[in-house]
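Student: Could you take me through the salt bridges in this protein, slowly and close up? I'd like to see how one part hangs together before I look at anything else.

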Amino acid sequence: MIEVKNLSKHYGQNTAIDNISFSVEEGSVVGFLGPNGAGKSTTMNIITGYLSASSGTVTVGGFDILEKPNEVKKLIGYLPEIPPLYPDMTVEEFLNYMYDLKKVTIPRKKHIKEICELLKISDVYGRLIANLSKGYRQRVGFAQALLGNPSVLILDEPTVGLDPKQIIEIRNMIKELGKSHTIILSSHILPEIQAVCERIIIINKGNLVADGTRESISQSLGGENKVTLCAEGSESEIFKGLKNINNVEAVECGGEKEPGVFEYYVFAKKGCDIRRDIFNYCSKNNYPVLRLVNSALSLEDVFLRLTSDNNIEENPTNNEESGDKK
């Protein structure tokens, strides 16, 4: 759906992004991460057609952004970090204005009403945007991005200014939209990315430094491929059974955590996900599983390792995950 090839952007002698390439397949939700000044917003602005690239190409839905800019823009709904709102308009006036500006063909009243209900802004529909709280303004900005039901959504810090309840609501909505849309989500709230996104792209100082799932990136950084299991049953029997599971290299006992419940640390071969095999073994032998977690590096750990000056050159992109996704 989105393909970025050898993209660069220079401002005089300063390089904002340097020869980055990635693709996003249709119907996926991708987290786009990087520290301030890394080139995230520049990349998103080029994909949406707000900026031109110094070199490289961007295609969306098969259309080149330079050759068919209008066709690309019809496919994209964009929410910048600071939504471009008109404070002297009411919400109703603004959404109707944007409806006309985008030349939306979906029946107006029904379409706008559905978006307002989805984002819970129906109760401020007649109010001036200037008088809205920051959270409501963010929702109005999100609403304009959804006008026309674009197949691609590019969201830059979509939950800025929202309270915890609203953040959860927007998160759930992004998950739901991800079933029928292609979404690129940029956020400084790492738990939000981890909760919503199937894949993560990290850039630093204009360079793409990682592309893949959190687990695959963690393993590429040398993180242990370890699963922690808490199960009820005979400690010796479970220990013996875990050692016989395919791709298991070692098992360690962590002791009794509660009466009859023991903890085990199961080490697997690199690149092997053994959680399903462990669960199936326990289920087949009637050992209740109370906890089963992958101990890969947290997203915060991954982010800090890849964006620290000491680690940038040592950690190349995970090409296995990033290649050939279209």
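Tutor: Here is a walk through the salt bridges, with some surroundings afterwards.

One thing before we start: this is a predicted model, in which local features need pLDDT of at least 70 and side-chain atom pairs count only at pLDDT 80 or more, while totals for chains, interfaces and linings use all residues. Residues are numbered from 1 along each chain as its sequence is written, and side-chain values use heavy atoms, with hydrogens and water left out.

Side chains of opposite charge can pair when their charged atoms come close. Here, a salt bridge is a side-chain nitrogen of Lys or Arg within 4 Å of a carboxyl oxygen of Asp or Glu. By that rule, the count comes to 13 salt bridges.

Let's zoom in on Glu263. Its side chain meets that of Arg291 in a salt bridge, 2.6 Å from N to O. This pair links distant parts of the chain: Arg291 sits in strand β14 (residues 289-294) and Glu263 in strand β13 (residues 261-268), 28 residues apart. Strands (E, at least two residues) and helices (H or I, at least four) are DSSP runs, numbered from the N terminus. Glu263 also forms a salt bridge with Lys257, where the closest N and O atoms are 3.6 Å apart.

Are these residues buried or exposed? Buried means under 20% relative accessible area, exposed means over 50%, and partly exposed is in between (1.4 Å probe, protein chains only). Glu263 counts as buried because its relative accessibility is 6%. Arg291, at 36%, counts as partly exposed, and Lys257 is partly exposed too, with 46%.

Now hop to the start of the chain. Lys5 forms a salt bridge with Glu3, and their closest N and O atoms are 3.8 Å apart. Lys5 counts as partly exposed at 43% relative accessibility, and Glu3 is partly exposed with a relative accessible area of 22%.

Some bridges join up: salt bridges that share partners connect Lys120, Arg139, Lys165 and Glu169 into one network. Two of those names turn up again where helices α5 and α6 meet: Arg139 is in α5 and Glu169 in α6. Helix α5 (residues 134-146) and helix α6 (residues 164-177) pack at an angle of about 10°, with their axes 13 Å apart. Those axes are lines fitted to C-alpha atoms, for helices over the stretch in contact, and angles run from 0 to 180 degrees between N-to-C directions. Angles under 35 degrees count as roughly parallel, over 145 as roughly antiparallel, 65 to 115 as roughly perpendicular and the rest as oblique, so α5 and α6 are roughly parallel to each other. Contact means heavy atoms within 4.5 Å. Besides Arg139, α5 brings Phe142 and Leu146 to the meeting, while the α6 side includes Gln166, Ile170 and Met173.

Finally, step back to the whole protein. Its secondary structure comes to 12 helices and 14 strands, and its C-alpha trace spans about 70 × 50 × 30 Å along the principal axes. Of the 326 residues, 48% are buried. Among contacts with a separation of 6 or more, 68% come from residues 24 or more positions apart. Ala16 and Gly206 show such a link: they are 190 residues apart in sequence, yet their C-alpha atoms are 5.3 Å apart in space.
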